[in-house]
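Q: Please take a close look at one part of this structure, the way its helices pack, and add any loop details worth knowing. I am new to it, so short sentences would help.

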Amino acid sequence: MAYNFFSQALAQLKQDGQLRQLPRLEHSGKWIVRDGKTMLNMSSNDYLGLANDAQLCEQFLQKYQQNLPHFTSSSSRLLTGSFPIYDEFEQLLAQRFQRQAALLFNSGYHANIGILPAVADKKTLIIADKLVHASLIDGIRLSEAKYLRYRHNDMGHLADLLTKHHQDFERIIIVTESLFSMDGDEADLLQLVAFKQQFGNVLLYVDEAHAIGACGKTGLGLAEELGCIQHIDFLVGTFGKALASQGAYVVCDQVVRDYLVNKMRPLIFSTALAPFNVAWTHFLFEQLPSFAARRQHLNRLSEQLRSQLAPMMTSPMPSQSYIVPYILGDNHRTLNLAQHLQRQGYYCLPIRPPTVPKGTSRIRLSLTADMTETELAQFIDCLRKEIQ
């Protein structure tokens, strides 16, 4: 009897075409195997194609040989869970970004639900882009701050909100992603920096989760590409996407790092990442500048897909990157198309509310640098035949 609510809710989700289930998958490089069927993975966040690079794995293991880092930290970093590799990696991050300090976290979700509640109080106003990730929304809600949303990438709307409210709060934190995870478009970071300079009490929080590794001359993200790293107060990124690992970071001023160590609950009360994992991330991050050819190839693939897909869409192409949405709107149409593409050998997934706004269900196409132009052309032909 007590479970009737759950059963009814699940039945409603199924009727609406929004029921989710955990898939059983095998991974083989850029291929997904499910129920014995091999499909090209069109839904991965492994943008540089590093996750299945056997040569990199071998180099990493050879580096440590029999002296592998610990497989667990067994504790919070503030207790016994801090190891030298954490400090080494944070120093490397600060050096590469040319900032005073950096701090590691267990995941991007941990970072976003921990930093904002720590730094925002009742004297703070948070103004966030309408389409920021769920983890950022949760972090905002966990804080004591009042918050507002500005229309997605609408700098005019943001300017109006700043003008109206900047004198009413000690500080305002603008929160955005740099590369948006569902539309693949970019925030106007230079305009956000200009707002910070115009309004003296504004801080910038930028999540580079989908840009770090794959954007920028040396892979440091969109902020590097636009030359504004130094102007972003909380520059956050993750290692679980292009950097083929796990965890997250913030690069910031030293005083911010010290404050977070004392106030950020997910950092204080969580067992730290395994030193083995941190060492692997450090190993890959050291080589990040040398992956330029992968980034260039990824950009070529992205241009190929966007240019071919745009004429097939009924709405303007939002993407500026390797994340390319094919927006259908209707849940059931989206689900049916995804299933058809999977039958044709392409692991495409339907993205539906609440992940995206109602009426914008889409196939989120996510490119990786280990794909070939021929493979992508074959996929485009398959999609074109299905939707014509």
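A: Start with α4 and α5, which pass each other in a right-handed crossing (right-handed if the near helix is turned clockwise from the far one by less than a right angle, left-handed if anticlockwise). The model is predicted, so local features need pLDDT of at least 70 and side-chain atom pairs pLDDT 80 or more, while totals for chains, interfaces and linings use all residues. Residues are numbered from 1 along each chain as its sequence is written, and side-chain values use heavy atoms, without hydrogens and water.

Helix α4 spans residues 108–119, and helix α5 spans residues 134–142 (helices are DSSP runs of H or I with at least four residues, strands are runs of E with at least two, and both are numbered from the N terminus). Their axes come within 7 Å and cross at roughly 25 degrees (axes are lines fitted to C-alpha atoms over the stretch in contact, and angles run from 0 to 180 degrees between N-to-C directions). The two are therefore roughly parallel (under 35 degrees; over 145 is roughly antiparallel, 65 to 115 roughly perpendicular, the rest oblique).

Which residues touch? From α4 come Y109, N112, I113, L116 and P117. They meet A134, S135, L136, D138, G139, I140 and L142 of α5 (contact means heavy atoms within 4.5 Å). By class, this contact of α4 with α5 holds 8 nonpolar, 3 polar and 1 charged residues (Ala, Val, Leu, Ile, Met, Phe, Trp, Tyr, Cys and Pro are nonpolar, Asp, Glu, Lys and Arg charged, the others, Gly among them, polar).

Now take α12 (residues 292–309) and α14 (residues 373–387). They pack at about 20 degrees, with axes 11 Å apart. α12 and α14 are therefore roughly parallel too. Their crossing is right-handed. On the α12 side, the contact uses H297, R300, L301, Q304, L305, Q308 and L309. On the α14 side, it uses E373, L376, A377, I380, L383 and R384. The contact of α12 with α14 counts 7 nonpolar, 3 polar and 3 charged residues.

A third pair is α2 and α11 (residues 275–286). Here the angle is about 115 degrees, and the axes are 11 Å apart. This crossing is right-handed as well. L56, C57, Q59, F60, K63 and Y64 of α2 touch F276, A279, W280, F283, L284 and E286 of α11. That contact has 9 nonpolar, 1 polar and 2 charged residues.

Next, the loops. D183 lies between β7 (171–177) and α7 (189–198). Its relative accessibility is 12%, so D183 counts as buried (under 20%; exposed is over 50%, partly exposed in between, with a 1.4 Å probe and protein chains only). Beyond its neighbours within four places in sequence, D183 touches L131, H152, P318, S319, I323, P325 and R362. The side chains of D183 and R362 share a polar contact of 2.9 Å.

The loop between α2 and α3 holds S74. Q65 sits there too, between α2 (54–64) and α3 (84–97). Phi of Q65 is near 50 degrees, a positive value. For S74, phi is near 70 degrees, also positive. Q65 is exposed because its relative accessibility is 56%. S74 is exposed at 55%.

Last comes P354, in the loop between β13 (350–351) and β14 (361–366). A cis peptide bond links P353 and P354, with omega about 10 degrees. Most residues other than glycine have a negative phi, and most peptide bonds are trans.

Notes:
A polar contact is a pair of N or O atoms within 3.5 Å; within protein, one must be able to donate a hydrogen and the other to accept it, and residues adjacent in sequence count only if both atoms are side-chain atoms.
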